[in-house]
Amino acid sequence: MKEEILRIENVTRKKDGVVCLDNINLHIFKGEIMGMIFLTSRGKDELIELLCNNYPIEYGRIYYKEELVNYYEYSSMSMNQIYVISHNNGLIGNLSVAENIFVMRKGLKKHIINQSRLNKEFYRLFPEGLSGISPEKPAYELTHYERCLVELYRAVVADCKLIVLRDLASFLSRVELMKYYEYIREYSSLGIAFLYLGNHHEEVFLISDRVALVREARIIKILSKEEMVDEHILPYTIPFEVGEPIPGEAAGILTFKQVSSKNMKGVSFSVQKGECIVLLDKGSDIHEDFLDLIYGRSKVLSGSIIYKGKPYTHKEAGKALQQGIMTINKNPIRTMLFWDMNYLENLTFLSDRKLGCSVIKPRILESIIEEYQSYVGREIYTGNLKELEPASLYNLVYYRVHLYNPDLLICIRPFADADMYLRRHIVELLYQLKEKGITIIILSLNVADSLSIADRMMLMEDGRIIKNYEKKDFDMFF
């Protein structure tokens, strides 16, 4: 008989009076990799919170390692020995790898730490080390992949029987993800259970033994290994193709000619005006170099960059916005909105610079309101952004770009952490920018949904472009 690690039995939970988990039933067994795809994001954060902490629930029971830890009549508020690995760094940056693994765990009472003893313990447990990571390396120097690897070993040393992996593909490249899957499988074979939360079924199917589909805080279907094929998930998905391809102009708006930098090795490509391309980096070093060169944070070591027919020098890069270049960051509603400003102030942020005035004239503001009210309705009069749903906040970010109307937009992992319906909405927003003639470069670590809007994709590895895919070739990725 299989040993049960986690059982969630008829659990309903409310938060601020709203049902965030609706009659959830889930079993995870020893050594199992359980996948979970949230078709809508509602309930994801609350489920993870409830796994780690025994918060009050409206109904149901939760068992961990076959022990009742939470039920509707009594919630202890205690913590469960469950570890979560996500985009949030769980390590202490100024401590070494070994200190993070061995020292920062519950129950250790020593006040003086001997690094050499930690090193010995490190190599005793991991004779081959951690993919070349020194036990004395400070955690702040780790890459995303190395950090996730260290956190995995930290969870193992802490004797966690269930490890939650959240949205790894949003910050690990496909190559890193495949390597990490090997470690997951190794430890699942040793009896550790995993709950793998992802946004894309291709990613989740590849690693999971079973997969739960969640929509509006409720598990609507559980797929066995044999059922993990496209035909079984298609009824629960929505199409992503939007509109017809918009041809770009013949002239390249941005051209890299044999550009070498810290990580680039003679990179050459050209992007046409009005085109949307994906730069798919199997690592993430080229993306960082690309942004550093565009914004003047570093210089070209050799080669040249041409922008709008003129040399794009380090001096020009220092005033990229004035040159008509904008960027939408990963998770933009967290990083690009001003929560102490109202909707209209956020929408028109930076527009005063383009107009060359410190205060936008009332008649211009009235014109902006009239135009963008047709897109977002009465939300344009919102005073407190916290009243808006994520889709509305994404509208605000993208319509700010729409209003500014740059020549070139760089999108950094635009679909990271977005559920299926929000990803579809982001595709529509990108298409509106593309319709306006804005050139779009998407920096991505995995194919995800980028190809539904893209005209071309360039695959990059080890500092070079290794393949260029046209739109007619995209079918091979689905």
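In the charge counts used here, Lys and Arg are positive and Asp and Glu are negative, while His and the chain ends are left out. Keep that in mind for the first exercise, and remember that this is a predicted model.

**Exercise 1. Find how many positive and negative side chains the protein chain has, and how far apart the centres of the two sets lie.**

Step 1: Counting the charges gives 60 positive and 64 negative side chains.
Step 2: Taking the centre of each set, the two points lie 4 Å apart.

**Exercise 2. Describe the build of the protein chain, and work out how its radius of gyration stands against the globule rule.**

Step 1: Start with the secondary structure, where the protein chain has 15 helices and 21 strands.
Step 2: The radius of gyration is 24 Å, and the globule rule gives 23 Å for 478 residues; these values are close, so the protein chain is as compact as a globular protein of that length.
Step 3: For the outline, the C-alpha atoms fill a box of roughly 65 × 50 × 50 Å along the principal axes.
Step 4: Turning to cover, 52% of the 478 residues count as buried.
Step 5: The accessible surface is about 22,700 Å², and carbon and sulfur atoms hold 50% of it.

**Exercise 3. Find which residues touch the most other members of the largest nonpolar core, and trace the neighbours of Leu430.**

Step 1: This core has 51 residues, and Leu347, Tyr398 and Leu430 touch the most other members.
Step 2: Helix α14, residues 390-404, gives the most to this core, with 9 residues.
Step 3: Setting aside residues up to four places away in sequence, Leu430 touches Tyr398, Cys411, Phe415, Ile440, Ile442 and Ile453.
Step 4: Another core, of 49 residues, lies apart from this one, and its members include Ile33, Ile133, Phe194 and Leu223.

**Exercise 4. Decide whether Ser173 is buried or exposed, and place Ser173 in the fold.**

Step 1: Look in the loop between β8 (162-166) and α5 (174-189), which holds Ser173.
Step 2: Buried means under 20% relative accessible area. Ser173 has 0% relative accessibility, so Ser173 counts as buried.
Step 3: Now check a partner: Leu445 is 272 residues from Ser173 in sequence, yet their C-alpha atoms are 4.6 Å apart in space.

**Exercise 5. Find how many residues of helix α1 are buried, and name them.**

Step 1: Helix α1 covers residues 44-52, and 7 of its 9 residues are buried, which leaves the helix mostly covered.
Step 2: The buried ones are Lys44, Glu46, Leu47, Ile48, Leu50, Leu51 and Cys52.

Terms used
Residues numbered from 1 in each chain as written. Predicted model: local features only at pLDDT ≥ 70, side-chain atom pairs only at ≥ 80, totals over all residues. Heavy atoms only, no water. Helix = DSSP H or I, 4+ residues; strand = E, 2+ residues; numbered from the N terminus. Buried < 20%, exposed > 50% of the residue type's maximum accessible area, 1.4 Å probe, protein only. Rg over C-alpha atoms; globule rule 2.2 N^0.38 Å. Areas by Shrake-Rupley, 256 points an atom, 1.4 Å probe, with all protein chains shown as cover. Charge placed at Lys NZ, Arg CZ, Asp CG, Glu CD. Core = buried A, V, L, I, M, F, W, Y, C linked by side-chain atoms within 4.5 Å. Contact = heavy atoms within 4.5 Å.
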